Amino acid sequence: MYAPTYYPVIEPKADDSYIITGTEDRLDLIAYDFYGDATLWWVVAMVNNLPGDSLFPPQGFYLRIPKNLSDILMKYNQSNNI
């Protein structure tokens with residue numbers, strides 16, 4: 001049986017980082033640079049309302065990178081009974 005994945009709402013915080021994407025940026029590499037874990041690319045995609053079908057954000061996109069990762073992962077785990 002397939003179980004849906006639930007993603008938490010991630011509110012903006014004062015300590016979030018922001019970058020402007022370039023031609024070779026990828027969400028998995030950005031997640032690795034900021035979190036040390038490329039599998040957390042979905043966090044960056046989620047907070048920026050990007051579709052999950054590509055790891056390449058639009059060039060010149062103003063990308064928000066949340067810092068409160070532990071809170072985000074806690075909410076994710078609770079929502080998905082992990």
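**A guided tour, beginning at helix H3**

On the other side of H3 from its buried residues, Ser70 and Gln78 are exposed. The model under inspection is a predicted one.

**First selection: Ser70**

Select Ser70, which belongs to helix H3. Its relative accessible area is 57%, so Ser70 counts as exposed. For a sense of scale, add Tyr18: the C-alpha atoms of Ser70 and Tyr18 lie 19 Å apart, and 52 residues separate the two in sequence.

**Second selection: the buried face of H3**

Next, select Leu69, Ile72 and Tyr76, the buried residues of H3. Why do they lie on the same side of H3? They do so because the arc they cover around the axis is only 65°. Display H1 and H2 as well, since the buried residues of H3 pack against these two helices. Then step just past the end of H3 to Asn81, where phi is positive, at about 55°.

**Third selection: the nonpolar core**

Widen the view to the largest nonpolar core, which holds 17 residues. Within this core, Tyr35, Leu40, Val43 and Leu63 have the most contacts. At least two core residues come from each of four elements: helix H1 (27-35), helix H2 (41-47), strand S2 (62-65) and helix H3 (69-79). Which element gives the largest share of this core? That element is H2, with five residues. In general, nonpolar side chains tend to be buried together in soluble globular proteins.

Now centre on Tyr35 and show its surroundings. Beyond residues up to four places away in sequence, Tyr35 touches Leu40, Val43, Val44, Ile65, Pro66 and Leu69. Leu69 thus appears again, having been met among the buried residues of H3.

**Fourth selection: Ser17 and Lys67**

Move to Ser17, in strand S1 (residues 17-20). Is Ser17 buried or exposed? With a relative accessibility of 16%, Ser17 counts as buried. Apart from residues up to four places away in sequence, Ser17 touches Phe34, Leu63, Arg64, Ile65 and Lys67. Leu63 is also one of the core residues with the most contacts.

Add Lys67 to the selection; this residue sits in the loop between S2 and H3. A relative accessible area of 44% makes Lys67 partly exposed. Lys67 and Ser17 are 50 residues apart along the chain, while their C-alpha atoms are separated by 7.2 Å. Draw the distance between the two side chains to find a polar contact of 3.1 Å. Setting aside neighbours within four places in sequence, the contacts of Lys67 are Asp15, Asp16 and Ser17.

**Final selection: Thr21**

Finish at Thr21, in the loop between S1 and H1. Thr21 is buried, because its relative accessible area is 4%. Which residues surround Thr21, leaving aside its neighbours within four places in sequence? Those in contact with Thr21 are Pro57, Pro58, Gln59, Gly60, Phe61 and Leu63. Zoom in on Pro58: its backbone oxygen lies 2.4 Å from a polar atom of the Thr21 side chain. Leu63 is a useful residue to leave displayed at the end, as it is in contact with Thr21 and is also touched by Ser17.

Conventions:
Residues numbered from 1 in each chain as written. Predicted model: local features only at pLDDT ≥ 70, side-chain atom pairs only at ≥ 80, totals over all residues. Heavy atoms only, no water. Core = buried A, V, L, I, M, F, W, Y, C linked by side-chain atoms within 4.5 Å. Buried < 20%, exposed > 50% of the residue type's maximum accessible area, 1.4 Å probe, protein only. Contact = heavy atoms within 4.5 Å. Arc of directions from axis to C-beta. Polar contact = N/O pair within 3.5 Å; in protein donor to acceptor, adjacent residues only side chain to side chain.
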